[in-house]
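User: I would like to go through this model with you, point by point. Please keep the answers short and end each on what I asked for.

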Amino acid sequence: MKPAVYITRKIPAEIVLKLEEHCQVRMWYQEDVPVPRDVLEQEIRHADGLFCLLTETIDRKLLDKSERLKVVSNMAVGYNNIDIEAAKEKGITVTNTPGVLTETTADLTFALLMATARRLIESSDYLRNGDWKTWSPMQLTGQDIYRATIGIVGMGRIGASLAKRARGFDMNILYYNRSRKYELEEEFNMKYTDLDSLLRESDYVCIMTPYTPETKNLIGARELSLMKKTGILINTARGGIVNELELFRALKEGEIWAAGLDVFEQEPISLDHPLLTLQNVVTLPHIGSASIRTRMKMADLAADNLLLALQNQTPKYVVV
Ligand code: NAP
Ligand code: GLV
């Protein structure tokens, strides 16, 4: 008998077909919203494999309901939505999709940096709202990017791709990471610093670590107070790494100059969130990896990981 797989959202048809060659597939396809928890709790009971997204909380309580689950395949590189310890204890394999989204996410991070520095969204709205009456010397002026200092917090796959882009803009590159990357330092001519020095010296601070107990609220009131008044914070990693209420205060009081955010503590962010009242914040709906080609690659890799685990082979990317 073919193994049973549950997919928590409608994914491209070719990926479903690929899974159907080897598995009995059920899928939450009713609406493009996260599968309701009670449906997921029901479906996980008899599933051998789960194909899920970062919108699903795969906690111990959920895993406890599974009777024969072998693998949870997350269509994302970040896996903070999954209780890894619980999965490990239960002998459930967890897989993710690193690599295939690295360049696309670095592109978006740099695009967000540029949009924030040069006030692109605000300027576009200015034109469309009919506020553009004339060219004026200091109208909508922003911050320079070329030869500025970028501080990258988290020098992993995406951090390194971001450094590569920064080199193209002749930027001075600082980084902070839990381990030093000597080869990358040489390749990108960048300097390792402690976090406080990076915050003090950078014009742009880009967050690129995973979301873990150690990185929760890594950037709070004290850290923001160390940044330059002209400093810009870019977060395309995970919302909880930056304390949003402290960020709002720092932006409102002019402690830092602007922020570009692709990720939030609560997603979707509530429309009455104070951050959305500020002009000096560029906000995106978690689209870091959202190119057609990359999302297809992520879905394909997540399917391959799932199939290999169900066939008792080692998937390409195993978390536990
Ligand atoms: P990665 O290759 O694992 O890089 C993460 C880096 O962070 C590693 O170099 C790691 O250090 C470092 N790190 C971990 N904990 C740290 C800590 N406490 N202090 C300092 N550095 C720490 O991951 P990646 O592929 O670059 O992805 C990074 C994150 O980006 C993902 O986890 C995900 O949350 C986010 N992401 C967001 C989007 C989006 O759509 N916005 C898309 C893709 C990814 P070591 O080298 O010592 O391990
Ligand atoms: C997206 O945020 C990912 O972790 O892949």
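User: Which residue does the side chain of E122 join in a polar contact?

Analyst: This is a predicted model, so side-chain atom pairs count only at pLDDT 80 or more. E122 sits in helix α6, residues 120-128. Its side chain makes a polar contact of 2.8 Å, and the partner is the side chain of R119.

User: Which residues does E122 touch once its neighbours within four places in sequence are left aside?

Analyst: The starting point is a position in helix α6. With the neighbours within four places in sequence set aside, the contacts of E122 are L140 and Q279.

User: In what order do the strands of the five-stranded open sheet run?

Analyst: The pairing in this open sheet is parallel. The twist from one strand to the next averages 15°. Read across, the strand order is β2-β1-β3-β4-β5.

User: Why is one side of β2 and of β5 left without a neighbour in the sheet?

Analyst: Strands of a sheet pair through backbone hydrogen bonds. β2 (24-27) and β5 (93-95) each have a single partner strand, so one side of each lacks a neighbour in the sheet. The reason is their place at the edges.

User: Which residue of β5 is the bridge partner of S73?

Analyst: Strand β4 covers residues 71-74 and pairs with β5 in the parallel sense. Three bridges hold that pairing. For S73, the bridge partner in β5 is T95.

User: What angle does the direction of helix α1 make with that of β2?

Analyst: Helix α1, residues 13-20, packs on the sheet. The strands it touches are β1 (4-7), β2 and β3 (49-52). Between the directions of α1 and β2 the angle is about 145°.

User: How much of the accessible area of ligand 2 does the protein cover?

Analyst: The residues around ligand 2 are L54, A76, V77, G78, L101, R238 and H286. An oxygen atom of the ligand is 2.8 Å from a polar backbone atom of G78, and one is 2.7 Å from an N or O atom in the side chain of H286. On its own, ligand 2 has 190 Å² of accessible area, and the covered share is 87%.

User: How do the residues of the shell around ligand 2 divide into nonpolar, polar and charged?

Analyst: The shell includes L54, V77 and H286. R238 is also among its residues, and a polar side-chain atom of R238 lies 2.8 Å from an oxygen atom of ligand 2. The division is four nonpolar, two polar and one charged.

User: Which of the residues around ligand 1 come nearest?

Analyst: The shell around ligand 1 holds 27 residues. They divide into nine nonpolar, twelve polar and six charged. Those that come nearest are I158, S179, K181, T236 and D262.

User: What share of the area that ligand 1 exposes when taken alone does the protein bury?

Analyst: Polar side-chain atoms lie 3.0 Å from a ligand 1 oxygen atom for N177 and 3.2 Å for R238. A polar backbone atom of G288 is 3.2 Å from an oxygen atom of ligand 1. Taken alone, ligand 1 exposes 940 Å², and the buried share is 88%.

User: Which peptide bond is cis, with omega near -5°?

Analyst: Look in the loop between β11 (258-261) and β12 (281-283), where P268 is placed. The cis bond leads into this proline, and it runs from E267 to P268.

User: What is the phi value of R147?

Analyst: R147 lies in the loop between α6 and β6 (149-153). Its phi is positive, in a residue other than glycine. The value is near 60°.

Terms used. Residues numbered from 1 in each chain as written. Chains lettered and ligands numbered in written order. Predicted model: local features only at pLDDT ≥ 70, side-chain atom pairs only at ≥ 80, totals over all residues. Heavy atoms only, no water. Near = heavy atom within 4 Å. Polar contact = N/O pair within 3.5 Å; in protein donor to acceptor, adjacent residues only side chain to side chain. Areas by Shrake-Rupley, 256 points an atom, 1.4 Å probe, with all protein chains shown as cover. Nonpolar A, V, L, I, M, F, W, Y, C, P; charged D, E, K, R; others polar. Pairing = 2+ DSSP bridges. Helix = DSSP H or I, 4+ residues; strand = E, 2+ residues; numbered from the N terminus. Axes fitted to C-alpha atoms, helices over the stretch in contact; angles between N-to-C directions. Contact = heavy atoms within 4.5 Å.
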